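Good morning, and thank you for letting me take a few minutes of the meeting. I would like to walk you through a structure step by step, so please have the picture open as I speak.

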Amino acid sequence: MIVLPIIFQFVAGTILLFFWQKTTLQKFLSILFSIIGLGISIWLFLLVWENGIMITQSGDWKAPFGISFVADTFGVTMVLLSSISGLAVSIFSAGSMRKERLEFGFFPILHFLIMGLQGAFLTGDIFNLYVWFEVVIISSFVLLTLGGKKQQLEGALKYVSLNLLASSLFLIGIGFIYGLTGSLNMADVAIKLDNLQNRGLVSVTSGIFLVAFGIKSAIFPMYFWLPASYHTPPPAVSAIFAGLLTKLGIYAMLRTFTLMFGGDEFMGDIMVILAALTIFSGGLGALLQQNMGKIFGYLIVCHIGFLIAGLGMYTELAIMGTVFYLIHDIIVKTNLFMVSGLILKINGTQDIRELGGMYKNFPIISLLLAIPLFSLVGIPPLSGFWAKIFLIQAGLQTQDYVLIGFIVLGSFLTLWVIARLWSEVFWKNGIDLPKKANGLYFSQMTKTDQWLMVFPIVLLSGISLYIGFGAENIIILSQRISTELMDPSGYIEAVLGLKTMTP
Amino acid sequence: MLIAVILGFIFAILVPFFSKFVKKAIPFGYSLLPLSLFIFFLQFLGEIKSKGHILFHYQWVPSLGIDLSFRLDGLSLLFALMITGIGALVFIYTTYYLKGHKYLDRFYGYLSMFMASMLGVVLSDNLMSMFIFWELTSISSYFLIGFNNEDPASRKSALTALSITGFGGLVMLSGIILLQAVGGSYSFTELLNSSEIIKNSTTYGWIIALFFVGAFTKSAQFPFHFWLPGAMKAPTPVSTYLHSATMVKAGIYLLARFTPLLGDTFWWNSTLITVGAVTMVFAAIHSVLRVDLKSILAYSTISALGILVFLIGIGSEKALLAAGIFILAHALYKAALFLITGIIDHETGSRDVTKLAGLQQVMMPVAVAGFIAALSSAGVPLLLGFISKEVMYEATLQFGDWAIILTALAVLTKILLLVAGFWAGIKPFTGTLPAEFGKAKLPSPLLWIPPFLLGVLSLGFGTFPSLITESLIQPVFSSISGSDTIIQLKLWHGFNLVLVLSILTLVSGGALYWFLKPSNDLFQKTVRFEAISPQNIIEGGGKLFGSFAGIWTRFFQNGYLRNYVITILAFLTLLMAYRLFGEVNIYIDWNQISAVSHYEIIVVVLMIISILFAISTNSRSVSIVALGVVGFANCLFFLFYSAPDLAMTQFSIDTLTVLLFMLVLVKLPKNKQYSSKGIKMRDALLSLLFGTLIAILTLEVFEEPSSSEVSKYFAENAYILAKGRNVVNIILVDYRGFDTMIETVVLVIAAVGVYSLMKLNLNPSKKDL
Amino acid sequence: MEILLVIIIGLLHAGGLYMLLRRSMFKMIIGLILLGNGANLLIFLLGRLVKGHPPVIEDGMKVFADIYADPVPQALVLTAIVIGFGLQSFAIILIKRVYNVLHTDDLDELNSTDEEI
């Protein structure tokens, strides 16, 4: 039952494969499937919200022998968010993606990617998690290189090699876990690791996981592939990458470091340091870039730092901050790259030195785009603001004052970067560039396609606004997730069937 | 009350929708909003006088302790009245000032958004919601300063202003959270009860430092003052409203508000006195060095803000009273002066005080308003400015040992400000009208009535202080000082030192005005000090930070994949080494190690040789073959150790890989030698270290007793439950069937990817949308 | 024997990393494949070695009579090998494409996406 979203995306991807080259039909089907997928995710979310953790043992083999799928609040929230992002990107690509790319399997791969993500969010088995990771990275490889342009290939080379390296490390880590515990079920592993005398080995293993997931989630000093590659594919692809791929790394880190390696203080300290440096590097990187895609790329890095910071401090409050920020970040980062895609379509460039005049020519769109941009900055009471309160509070409690300084600095740099972007792209008078690029400009597109590009931005901006103004609900959600993560006994009992869970 | 606050936001959102209607039907319709709010707040005068303060609660984010509670007391009421009252005048003024402007509706949208935010700042009882509104004022200020967005200078000023105030805001956020951690609440009213605890806590110093940064940036105190003159790029109504009468006073509001809570300690008082004094003198000197009317006013505003900080710093009852009166007096006369400047600019097209003269011949009512404002600014009797100045001198004179110095500084500032005020309010109207301004005429009453009205109020309150003493100033004083002392405002204090100082101020100020003519030369003389001005230092620091950002980014994001790999793995190696040697007891238990047979040794040697070949050879084919041999040797291991299925798989996959390699890559040109010996050595060293660590770790994990519960279950039930004899296969297709299914998906996706990589080739030379 | 295998594992990792650090794309792929081999062998070893007793239940028996090799790591490695093959072949083709478009094997020349700060 829990695997329904995964199975559904699998079916969707497969069906779409059969309509190879029939792009119009694919567009329609993809949007339809995404809507249904979203429906399923909402249903699952509500179910778990009402009933607490739910378990499906694949093939009915009881844990820890088969592969367990676990839907806890964190997992289903991530599934829900990935469905939302998936829907938005699906609509956006239907409007903006070049036909040639659609003919070469864009939509099926998109659905496989979502399937991989949702599988990873729901699985309770560490090796299964690895396999889902591989689905995600191979799909992302394909999406990244789809089109085979020079820039794309160069970026992809770095992306592919570093991600393969990360997978290799992940595999090594799994090997050690199996060697230490003889088990792969994360709940079971958690218990067995806990009973292990040789804490040093556990700690080293967790270090390998830290690096493996660290590469995926682009934390310092492992983020290099991200600024090198994220701006190279079409914005729709970057959007789904930005929203979900790095967050998968964060998810995995949150999951493993709360469940299996809970409370390793040394690693926590390392994470806090890395978080500060990640914020710093991302912020500094974004400061000087002229290409919008790159600016946003570095901002992703910067904000990954906020997420790691919470995990590093490892208090319930801090994790709450991380989870809240994660929810906000998935929505807003997906939106941001769609914004950059829209601006690219309108002007034919992403270079902020050449851009301009948006405000004059497209006042309504400009105001719409202001929502994700300023949500990102965290202008209160928009969505990026709330998590910072938790993080700063947590920092005061754990006395990580330097980290607070970096969080403030990171927020300030984001503010500055976005304000500069606004003044260059929206306020400044643009240069009239010769319209020489491939593909259609926004003004040349059909009304339907234009709407297909604008609507997902409206949708995600709406959700961002909800996160900001309805913060109370999101806080309750984050609180519940954080409690569940910090005390994994409920998860473990549910998976291993030690006790039937009643919410 | 909630509606009163958020009405502006609703209004701002709705403006685009009904702008066409308003433009046609009621051009000054927008002004009804601040006007009705002004009347709304006026009603509370009586209630505040009797009750002290009123609280309103609206729930918002209870789990964070954040709500929309509003506290209406003397201080907030004064600000609310100023915000809505001056707001109403500015709204009306704008109707004519920006008549026919293409983006007038946007302007009103931002303006009402600002008004609502500012009301939120002064009315919020909850510090976190106050902060939210605080940041919103910064943002609306950003949009308003950049309103003439096609002008690069406007954009730059907007960005500078936002950077400074935004930075201060974030710092203050940390302060608020820290305060909450110590005091246990975000509610100001509740915090008041734990004032002593907070003052005695170890973090008190941090709290006030963080709050000071917030207040000083917002209220343009030295050394953060320079964004304010830059903000004068905004249209004059904005300068009037935000950058003189209301927004810049948010910092003052904050300090005044927190005086009963955090004030009256050594650090509080001495910091505020120092910063305030430096700002007021520094900016007052600057104001008489300028020739642009708006610059003069900007600096005199900074100076006035400095005076307020200075007074709050002194902290005695008299000083706080003086601050309370001065907030009002300043708002009245400075807003008038700004509006008048706007009129002059609008009618003559010039703001150069050296050229402007004799305008009273064409715009008498404006001139009258200007005179009143200038005189109030100077502190001439019968005007509100006089009363505030008197009380201020009283306060400085009572300040113990430092009284003389402080009084002298205050007098000096006042003298300079008098000159600045006269230049702005009197100079343009007296003398003979230059021919170039011959076409200037009296503008629409919509423009001159607002400053005139402000003048009337200055005069009225100044002449009859009893109009506001009890109803307004008394509650303001109580809420700033927290004391119940009954205050009295009088015009005539008797013949005493204060009066002497007053006269001294007026006489010497008047003399200075007479002798000192505004000119650009004065300013030019100070240019050489610009190098050490705070603006230069801070902007230089920003630039330096930018270059540093460049160096940092280029250092890490250098474009070389091998550097990325080396950074990542060096980090991992260090981490592992540190933990491994620090925490793990390294030992080998020979009992667990099985014996070695001859053929195994052969395979091992073969493998080592082929690995070395694979990495050292320069020929592609050789390294591919060597790689193949590594794979096959791997196969043999699998075979020896009871894994025939694995051996099979490895064998076929290995063959496929080698074939693929041969087919695809052999055609590439010969490998070149790229790296130098040194780099190779470094890489080899790191690689060996990494390999060794992995090896040691593997061995140690191997030595741990393993649990075989899971595999035992598989083995025992494979046949019984899953009907299969080959347990590996059973695991693959049944126990862990999901893995296998997804594995297939991976292959399918890879196939799609390979296909599209080979087939799809978009024109690489052109940009792609 | 385990010691020897451990040495091999270490060597595979060292060699893989060394190759990753070279400037040639071709060598980079070799490095990744070596690392993959190392990881597989590592998992296999950590399942503890048993000689000559494949985890196949003999005909006529319902359970194992004798000792048997741990089947789980074998299954994992099998999956990992196949998945690794998918990724590696994609990477190989990618390199080919990169070469066709950019006409170089030198990774140091492929840094245009990191430039122009």
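Let me begin with a term that I will need straight away: the expected span of a helix is 1.5 Å times one less than its number of residues. Please also keep in mind that what we are looking at is a predicted model.

With that rule in hand, let us turn to helix 19 of chain B, which covers residues 403–425 and so has 23 residues by the rule for helices. From its first C-alpha to its last, this helix reaches 32 Å, which is close to the 33 Å expected. Is helix 19 of chain B enclosed by the rest of the structure, or open? Of its 23 residues 18 are buried, so helix 19 of chain B is largely enclosed by the rest of the structure.

Now to chain A, where the secondary structure comes to 21 helices and two strands. The C-alpha trace of chain A spans about 70 × 55 × 40 Å along its principal axes, and its radius of gyration is 22 Å, which agrees with the value near 23 Å that a compact globule of 503 residues would have. Buried residues make up 73% of chain A, and, if we take the contacts in chain A with a separation of 6 or more, 80% of them are accounted for by residues 24 or more positions apart.

The strands of chain A deserve a moment as well. Strand 1, residues 54–57, pairs with strand 2, residues 68–71, in the antiparallel sense and over four bridges. Along strand 1 the side chains alternate, with Ile55(A) and Gln57(A) pointing to one face and buried, whereas Met54(A) and Thr56(A) point to the other face and are not buried. Thr56(A) has Phe69(A), in strand 2, as its bridge partner.

Finally, how do the chains meet? The contact between chain A and chain B takes 91 residues from chain A and 84 residues from chain B. On the side of chain A that touches chain B, helix 6 (residues 126–145) gives the most, with eleven residues, and by class that side has 51 nonpolar, 28 polar and twelve charged residues.

Chain B also meets chain C, with 92 residues of chain B in contact with 80 residues of chain C. Here helix 3 of chain C gives the most to the side that touches chain B, with 24 residues, and that side of chain C has 53 nonpolar, 13 polar and 14 charged residues.

Definitions and conventions
Residues are numbered from 1 along each chain as its sequence is written. Chains are lettered from A and ligands numbered from 1 in the order in which they are written. Two residues are in contact if their C-beta atoms, placed from the backbone, lie within 7 Å. Ala, Val, Leu, Ile, Met, Phe, Trp, Tyr, Cys and Pro count as nonpolar, Asp, Glu, Lys and Arg as charged, and the others, Gly among them, as polar. The radius of gyration is taken over C-alpha atoms; the globule rule is 2.2 Å times the number of residues to the power 0.38. A residue is buried if 20 or more other C-beta atoms lie within 10 Å of its own, exposed if 12 or fewer, and partly exposed in between; C-beta atoms are placed from the backbone. Two strands pair if DSSP finds at least two bridges between them.
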